[in-house]
Amino acid sequence: MHSSEEGIETYYNARKAGFENISLDLMFSLPGQSVEEVENDLKKLWRWGQNIFLFIHLSGRKELYFWKTEERLLRETENEIEADMFEKIIDTAEEAGYIHYEISNFSLPEKEAVHNTKYWENKEYLGIGLGASGYINDIR
C-alpha cells in the first residue's frame, strides 16, 4: 500500500536514476470519482511527459480490504459512468497522440511495454526467483 504522493516520488526517483520508459498503472472508477477527475489524472501524465500507462478499473471484488468499511460508504461506480470514464480515457489519450495497444494499455508510438507483448504474442520468457513464472518449450 502506498499513497499517490509516494507513487509520484518513486516515479521521479526512477526518472532521476535514468529509466526512460516507465509504465504507470492508474485506477479509475473509484468510489465517488467523476469523469472530470479521470481526465485530470490523464493531464497530469502529459505534464510529466509520461510515455506509457495502464488504466485499470477498480474491481468490485468485495473480499478486498478496500471495500470493507464499517460505515459501508464505498459504492461501486454505475456501469454507465464507468463506461463514460473509459471512453474519456481512450479519446483523451488518442487526442494526445497515444496508441491504445492493449485492453487498458496506452503508449506513445514505439514505447509499448515489451514484457506484456511477450504474453500476448505467446513468446517464451524466463521466470527466476520465488513465485516467478516462465514459459519455455510450450510449458508454463
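The lining of the largest pocket in this predicted model divides into twelve nonpolar, seven polar and four charged residues. The volume of this pocket is about 870 Å³. Of the 23 residues that line the largest pocket, those closest to its centre are His2, Ser4, Asp25, Leu26 and Met27. Helix α1 (4-16) provides the largest share of the lining, six residues, and α1, β1 and α2 each supply at least two.

Strand β1, which spans residues 23-28, is a good place to continue the tour. In a regular strand the side chains alternate between the two faces of the sheet. Along β1, Leu24, Leu26 and Phe28 point to one face and are buried, whereas Ser23, Asp25 and Met27 point to the other and are not buried. Strand β1 runs parallel to β2 (residues 52-57), and six bridges join the two. Within this pairing, Leu26 is found opposite Phe55 in β2. Together with helix α2 (residues 35-48), β1 and β2 form a β-α-β unit that is right-handed.

The wider sheet comes next. Its four strands form an open sheet with mixed pairing, in the order β1-β2-β4-β3. Strands β1 and β3 (99-100) stand at the edges with a single partner strand each, so one side of each is left without a neighbour in the sheet. For β3, pairing with β4 (residues 105-107) is antiparallel and involves two bridges. Here His100 stands opposite Phe106 in β4.

Key: Residues are numbered from 1 along each chain as its sequence is written. This is a predicted model: local features need pLDDT of at least 70, side-chain atom pairs count only at pLDDT 80 or more; totals for chains, interfaces and linings use all residues. Side-chain values use heavy atoms; hydrogens and water are left out. Buried means under 20% relative accessible area, exposed over 50%, partly exposed in between (1.4 Å probe, protein chains only). Two strands pair if DSSP finds at least two bridges between them. A crossover is right-handed if, with the strands pointing away from the viewer, the path from the first strand over the helix to the second runs clockwise. On a 1 Å grid over the protein atoms alone, a cavity is a set of points where a 1.4 Å probe fits but cannot get out, and a pocket is an open set with protein on both sides within 12 Å along at least five of seven lines; lining residues have an atom within 4 Å of a point. Grid points are joined across faces, edges and corners, and a volume is the space filled by probe spheres set on the points. Ala, Val, Leu, Ile, Met, Phe, Trp, Tyr, Cys and Pro count as nonpolar, Asp, Glu, Lys and Arg as charged, and the others, Gly among them, as polar.
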